[in-house]
Amino acid sequence: SSAGYLWLLDEDGKAYHLAAKYRAEQEVPDLAVDDAMVIFLREQGWLIDLVEYRREPDRYGNMELPSWLARMNLPWLIVPLTYGQQLLGIALLHKAPGTRQLNYEDRDLLKTAGNHIAVHLAQENADSQLAESRQFEAYNRLTAFLMHDLNNLIAQQSLIVKNAEKHKRN
């Protein structure tokens, strides 16, 4: 593909935000999780061949594409990045010069590549969450250490105040 876009699901699971683009000049919006195209990708797991969609929209259950997609130059394929049952991301690829019509093997290969990419995205997300969890754990240990020292200091001062009354003339 000569250019493309990548949207990834945000932490809240409410939208797909543009995470990267490659040699793509046009601005694209975020994708809502309740967008018809996103629902189709999540439920069917199929890639969308936009050339085929224009010829035979009924093959896609008369799904409606976002209006901004019709104004784009050379959009070709929309590939779901699925891990398990979760749609982690969406890739939009532009048509490469000399591209032929896709057969079922090409589609299966692209779907497999999308799943493989999603595995790496899920791993990166898990690694990020683990690192964040470790940071919180270190913070909690530091806080517990500080609280222990503060309690010792308070106990010492309390003892000094008690003994001051008893030994104030000494």
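Which residues of the largest nonpolar core touch the most other members? The close-ups below take up that question and a few others, using a predicted model.

**View 1. The largest nonpolar core and the residues that hold the most contacts within it.** There are 23 residues in this core, and W7, I48, I78, I90 and L92 are the ones that touch the most other members. At least two core residues come from each of β1 (4-9), α1 (36-44), α2 (50-55), α3 (67-70) and β6 (86-94). Helix α1 gives the largest share, four residues. If you want one residue to click on, try L92: beyond four places in sequence, L92 touches A3, G4, Y5, W7, L50, W68, L69, M72, P75, L77 and I78. Another core, of six residues, lies apart from the largest one, and its members include L47, L77, V79 and L102. For background, nonpolar side chains in soluble globular proteins tend to be buried together.

**View 2. The six-stranded open sheet.** Reading across, the strands run β3-β2-β1-β6-β5-β4, and the pairing is antiparallel. Strands β3 (31-32) and β4 (48-49) sit at the edges, each with pairing on one side only. Zoom in on β5 and β6 and you'll find eight bridges joining this antiparallel pair.

**View 3. H94 in strand β6.** Here the bridge to look for links P75 with H94 of β6. Is H94 buried or exposed? H94 counts as buried, because its relative accessibility is 7% and the cut-off for buried is under 20%. Quite a list of residues contacts H94 once neighbours within four places in sequence are set aside: S1, S2, A3, Y5, Q26, M72, N73, L74, P75 and W76.

**View 4. The aromatic cluster of F40, W46, Y53 and Y60.** Ring pairs tie these four residues together. The count of aromatic pairs comes to five. When you inspect any such pair, the distance of the centres and the angle of the planes are the two numbers that describe it.

**View 5. E52, a buried glutamate in helix α2.** E52 has a relative accessible area of 6%, so it falls in the buried class. What does the side chain of E52 make a polar contact with? The partner is the side chain of Y60, at 2.4 Å. That same Y60 is part of the ring cluster in View 4. Leaving out residues up to four places away in sequence, E52 touches R59, Y60 and R107.

**View 6. Helix α4, from its cap to its far end.** At the N-terminal end, N103 acts as the cap, with a side-chain oxygen 3.0 Å from the backbone nitrogen of E105. Helix α4 covers residues 104-166, which is 63 residues. How does the span compare with expectation? At 1.5 Å a residue the helix should span 93 Å, and the end C-alpha atoms are 92 Å apart, so the two agree. Buried residues of α4 are D106, G114, A118, L121 and A122. The packing partners of the buried residues in α4 are β1, β5 (75-83) and β6.

**View 7. S128, a partly exposed residue of helix α4.** The relative accessible area of S128 is 43%, so S128 counts as partly exposed. Pick S128 and E56 for a distance check: their C-alpha atoms are separated by 42 Å, and the two residues are 72 residues apart along the chain.

Conventions:
Residues numbered from 1 in each chain as written. Predicted model: local features only at pLDDT ≥ 70, side-chain atom pairs only at ≥ 80, totals over all residues. Heavy atoms only, no water. Phe/Tyr/Trp six-rings, centres within 6.5 Å; stacked < 30°, edge-to-face > 60°. Core = buried A, V, L, I, M, F, W, Y, C linked by side-chain atoms within 4.5 Å. Buried < 20%, exposed > 50% of the residue type's maximum accessible area, 1.4 Å probe, protein only. Contact = heavy atoms within 4.5 Å. Expected span 1.5 Å × (residues − 1). Polar contact = N/O pair within 3.5 Å; in protein donor to acceptor, adjacent residues only side chain to side chain. Pairing = 2+ DSSP bridges.
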